[in-house]
Amino acid sequence: MKTVLLADDHALVRAGLASLIDTTEDLLIIGEAANGEDAVRLAVDLLPDVVVMDLSMPVMDGGTAIRLLLHTRPWMRVVVLTSNYDEERIGEAVAAGAVGYVLKDADPDRVLDAIRAACG
């Protein structure tokens, strides 16, 4: 079973993702964060197989969180989950080490496929 950390500042989005992932037999949520700083801390402590990271969060944005996290844990996998296709911000996240991205309005199966692909 592959482990997942969710990082999004909207509780409803986290709850929806958690419910979606709970329907699978191969993915397990091991933590949730409402800002980038907590996402980095939890990822370092919990060592998930993949972090699903929003780019727009308070305290620390997702791009900064990705850079910090992958500086200390370069093997960790991060998938960006974002509401807007902003080529520059997504490009920065991928340059920082994110292995992919998916839009929040994507089909639920597409979201699961992105998480699974990141897990390898």
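Okay, let's start in strand 3: Val50 and Val52 point one way from this strand, Val51 and Met53 point the other way, and all of them are buried. By buried I mean under 20% relative accessible area, while exposed is over 50% and partly exposed is in between, with a 1.4 Å probe and protein chains only. In a regular strand, side chains alternate between the two faces of the sheet.

Quick word on what you're looking at. This is a predicted model, where local features need pLDDT of at least 70 and side-chain atom pairs count only at pLDDT 80 or more, while totals for chains, interfaces and linings use all residues. Residues are numbered from 1 along each chain as its sequence is written, and side-chain values use heavy atoms, with hydrogens and water left out.

When I say helix or strand, I mean DSSP runs numbered from the N terminus: H or I with at least four residues for helices, E with at least two for strands.

So, who sits beside strand 3, which covers 50-53? On one side, strand 1 (residues 2-7) runs parallel to strand 3, and four bridges join them. For these purposes, two strands pair if DSSP finds at least two bridges between them. If you want a residue to click on, leucine 5 has valine 51 as its bridge partner in strand 3. Then there's strand 4, residues 77-82, which also pairs with strand 3 in the parallel sense, over four bridges. There, valine 52 stands opposite valine 79 of strand 4.

Now walk off the ends of strand 3. Before it, in the loop between helix 2 (36-46) and strand 3, you find leucine 47. Leucine 47 isn't a glycine, yet it has a positive phi of about 50°. Its relative accessibility is 45%, so leucine 47 counts as partly exposed.

After the strand comes the loop that leads to helix 3 (62-72), and aspartate 61 lies in that loop. Valine 59 is in the loop between strand 3 and helix 3 as well. Valine 59 is another residue other than glycine with a positive phi, this one near 70°. Is valine 59 buried or exposed? Exposed, because its relative accessibility is 63%.

Back to aspartate 61, which is partly exposed at 31% relative accessible area. Together with Asp86, Glu87, Glu88 and Glu92, Asp61 forms a negative surface patch. A patch here takes residues with over 30% relative accessible area and no salt bridge, joining like charges within 9 Å and nonpolar side chains (Val, Leu, Ile, Met, Phe, Trp, Tyr) within 5 Å. Asp and Glu count as negative and Lys and Arg as positive, with His and the chain ends not counted.

Next topic: salt bridges. We call it a salt bridge when a side-chain nitrogen of Lys or Arg is within 4 Å of a carboxyl oxygen of Asp or Glu. How many turn up in the whole structure? Five.

One of them is aspartate 26 with arginine 116, where the closest N and O atoms are 2.7 Å apart. That pair links distant parts of the chain, 90 residues apart: aspartate 26 is in the loop between helix 1 (11-22) and strand 2 (27-33), and arginine 116 is in helix 5, residues 108-119. Aspartate 26 is partly exposed at 30%, and arginine 116 is partly exposed at 31%. Aspartate 26 also comes within 4.7 Å of methionine 1, C-alpha to C-alpha, with their positions 25 residues apart in sequence.

A more local pair is arginine 41 with aspartate 38, at 3.5 Å between the closest N and O atoms. Both lie in helix 2, three residues apart, which is about one turn of the helix. Arginine 41 counts as partly exposed at 43%, and so does aspartate 38, at 25%.

Then there's aspartate 54 with lysine 104, whose closest N and O atoms are 3.4 Å apart. Here again distant parts of the chain are linked, 50 residues apart: aspartate 54 follows strand 3 in the loop to helix 3, and lysine 104 is in the loop between strand 5 (100-103) and helix 5. Aspartate 54 is buried, at 4% relative accessibility, whereas lysine 104 is partly exposed at 26%. And salt bridges with shared partners join Asp8, Asp54 and Lys104 into one network.

Last stop, helix 5, where you'll find isoleucine 115. Isoleucine 115 is buried, at 2% relative accessibility.

Terms used:
Accessible areas come from the Shrake-Rupley method with a 1.4 Å probe; for residues, only the protein chains shown count as cover. The place of a charge is taken as NZ of Lys, CZ of Arg, CG of Asp or CD of Glu.
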